[in-house]
Amino acid sequence: MEDSVDASRAGARLTVDLGAIRSNYRLLAGMTTGACAAVMKADAYGLGMEQVARALALEGCKVFFTAHLDEGIRLRQLVPEDCAIYVLHGPPPGTAKDCFQYDLRPVLNDPGQLQEWRALARTLGRELPAAIQLDTGMSRMGIAPADLLALSRDPDWLAGMRPTLVMSHLACADEASHPMNAAQRRRFDELRALFPGVPASLANSSGVFLGPHFHYDLLRPGAALYGINPQPGTPNPLQQAVSLHARVVQVRSVCEGDVVGYGAHHVCAAERRIATVSVGYADGWLRSLSGRGFAFVDGVKVPVVGRVSMDSMGMDVTGIAPERVVPGAEVELMGAHQPVDEVAALAGTIGYEVLTRLGSRFHRRYV
C-alpha cells in the first residue's frame, strides 16, 4: 500500500509497518484482563491516521482516542460505527453539539465543559455519554480535586450525563520507581469513588508496564503502538514500526581544510568523500542532529557532518564502496540499525517528537 509523494520524485522513503503496529497492539492488549484502546492523536503520531486506525480496527480495537475534535470527526469516518471515540481535550466552547453530531465522546476536563455537555443533554432530552478526567497531580488536564468535591455536593451534578469512563493521566510512568506513580494511583482511587460502577482508566503506554494495579478497565497506549520504548533504559519489548531512507543527491571529494555546511562548523581534517542526502529539518529531521547524527549504508554507520539544513545534510561516506553511494542511492536514517529511540537520544529529545515531526515530502509506503 502506498500513499503521498511519487516514489520516483521523492527525496526519501518512509515505510510504516502496519503489521508491527498490530503486533504491538496484541502484546499490549494481552497484558490486561480489561480492554485496550489506541491513541490516534497527531495523525497517529505522524504515521497516518487513516491507515493505522483501519489496521487496528481489523485487529479488534474498539476504543480510540484523539486530542482534538476535528481529529475525532476525521476518525469517525475511518472506523466501524460501534467503535467508541473519545476526544481528550473535550469540546471547545460552543462545540458540544458537534461531538454529539459525530457520535464522539468528550473527555470533560473542567466544570465549564461539564456544564455545556449537561446543557446539550437537557436540550436534546436525553442522556449523553462522556468521560470524566480527574487531575491527580499533573496539573495539565482534568477536573481539580477541589472543583470535583464542590461539584459533587450537588446530588444532581451528573444529571443528563452518562459517564462511560473516569480517567486520569500519569506524569512519570516512564520512571517505574518514581514516587509520583503510586501517589497518583492513590489519589485516583480516592476520587473515582465518586463514580461507582463507572469503568476506569489510568495507564498510558508506560503505565501499562507498571503492573496490573495500574491497568483498571482500559489501557490507553499511544507511543508504544508505534514502537517507542515505554521503559527507557530496558530492552524494548515492542516491534519497530517505522523506517526512513533518504536519497543521495550528490557525492563529492573534499580536501583537507574544506568546510561542509552552513556556518563552516565542520572543517575536514583530511581528504573525505561527502554525500549530500535529501532530508533536512523541513522534513522533521531535527537540526540538533547536526554533527551528532548518523545514517547507515549496508549496515555501516556513517556520520552526519556539518549542519542539518532545511532540505539536505552531509554524510561522511569515506570508506564506503563508491558504487554503493551514488545519486539516487539510499541511506538508512531510521530503521533496523537505528530505532526511533536512538535517533531521539542523539537529538536530545524523545521518540514522540521524532515521529510526530516526520514531514509530508516523503514517499510513504505502508506494509
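This is a short dialogue on how to read the features of one predicted protein model.

Biologist: Before we start, what kind of model is this?

Modeller: It's predicted, so local features need pLDDT of at least 70 and side-chain atom pairs count only at pLDDT 80 or more, while totals for chains, interfaces and linings use all residues. Residues are numbered from 1 along each chain as its sequence is written, and side-chain values use heavy atoms, with hydrogens and water left out.

Biologist: How many helices and strands does the protein chain have?

Modeller: Helices (H or I, at least four residues) and strands (E, at least two) are DSSP runs, numbered from the N terminus. Here the protein chain has 11 helices and 20 strands. Its C-alpha atoms fill a box of roughly 80 × 40 × 40 Å, taken along the principal axes.

Biologist: And what share of the residues counts as buried?

Modeller: Buried means under 20% relative accessible area, exposed over 50%, and partly exposed in between, with a 1.4 Å probe and protein chains only. Of the 367 residues in this chain, 51% count as buried.

Biologist: Can we try that on one helix? Which residues of H1 are buried?

Modeller: In H1 they are Leu18, Ala20, Ile21, Ser23, Asn24, Tyr25 and Leu28. These residues pack against strand E2 (12-16), strand E3 (35-36), helix H3 (49-58), H9, strand E11 (218-219) and strand E20 (363-366). Packing here rests on contact, meaning heavy atoms within 4.5 Å.

Biologist: What span should H1 have, and what does it have?

Modeller: The expected span is 1.5 Å times one less than the number of residues. For the 12 residues of helix H1 (residues 18-29) that gives 16 Å, and the end C-alpha atoms are 16 Å apart, which agrees.

Biologist: Pick one residue there. What does Leu28 touch?

Modeller: Leu28, in helix H1, is buried at 0% relative accessibility. Leaving aside neighbours within four places in sequence, Leu28 is in contact with Cys36, Val208, Phe209, Leu219, Pro221, Ala224 and Leu225.

Biologist: Why is helix H4 called largely enclosed?

Modeller: Because six of the eight residues of H4 (residues 69-76) are buried. They are Leu69, Glu71, Gly72, Ile73, Leu75 and Arg76. Their cover includes H2, H3, strand E5 (63-66), strand E6 (84-87) and helix H5 (96-101).

Biologist: What about loops: is Gln338 buried or exposed?

Modeller: Gln338 sits in the loop between strand E19 (330-334) and H10, and counts as buried because its relative accessible area is 3%. Beyond four places in sequence, Gln338 touches Phe294, Phe296, Glu332, Leu333, Val343 and Leu346. Now take Ser278, in the loop between strand E15 (272-277) and strand E16 (294-297): at 23% relative accessibility, Ser278 counts as partly exposed. Ser278 and Ala246 are 32 residues apart in sequence but 6.0 Å apart in space, C-alpha to C-alpha.

Biologist: How many residues are in the largest nonpolar core?

Modeller: In soluble globular proteins, nonpolar side chains tend to be buried together. A nonpolar core is a set of buried Ala, Val, Leu, Ile, Met, Phe, Trp, Tyr and Cys residues joined through side-chain atoms within 4.5 Å. The largest one here has 115 residues, and those with the most contacts inside it are Met40, Leu56, Phe65, Tyr226 and Leu333. Apart from it lies another core, of five residues, among them Val260, Cys268, Ile274 and Val305.

Biologist: Last topic, empty space. How much space lies in the largest pocket?

Modeller: On a 1 Å grid over the protein atoms alone, a cavity is a set of points where a 1.4 Å probe fits but cannot get out, and a pocket is an open set with protein on both sides within 12 Å along at least five of seven lines; lining residues have an atom within 4 Å of a point. A volume is the space filled by probe spheres set on the points. The largest pocket holds about 940 Å³. It is lined by 38 residues, and the closest to its centre are Tyr45, Asn204, Ala223, Ile350 and Tyr352.

Biologist: And how many cavities of 30 Å³ or more are there?

Modeller: The count is one. The largest cavity has about 50 Å³ of space, and its lining residues include Gln133, Met138, His169 and Gln184.
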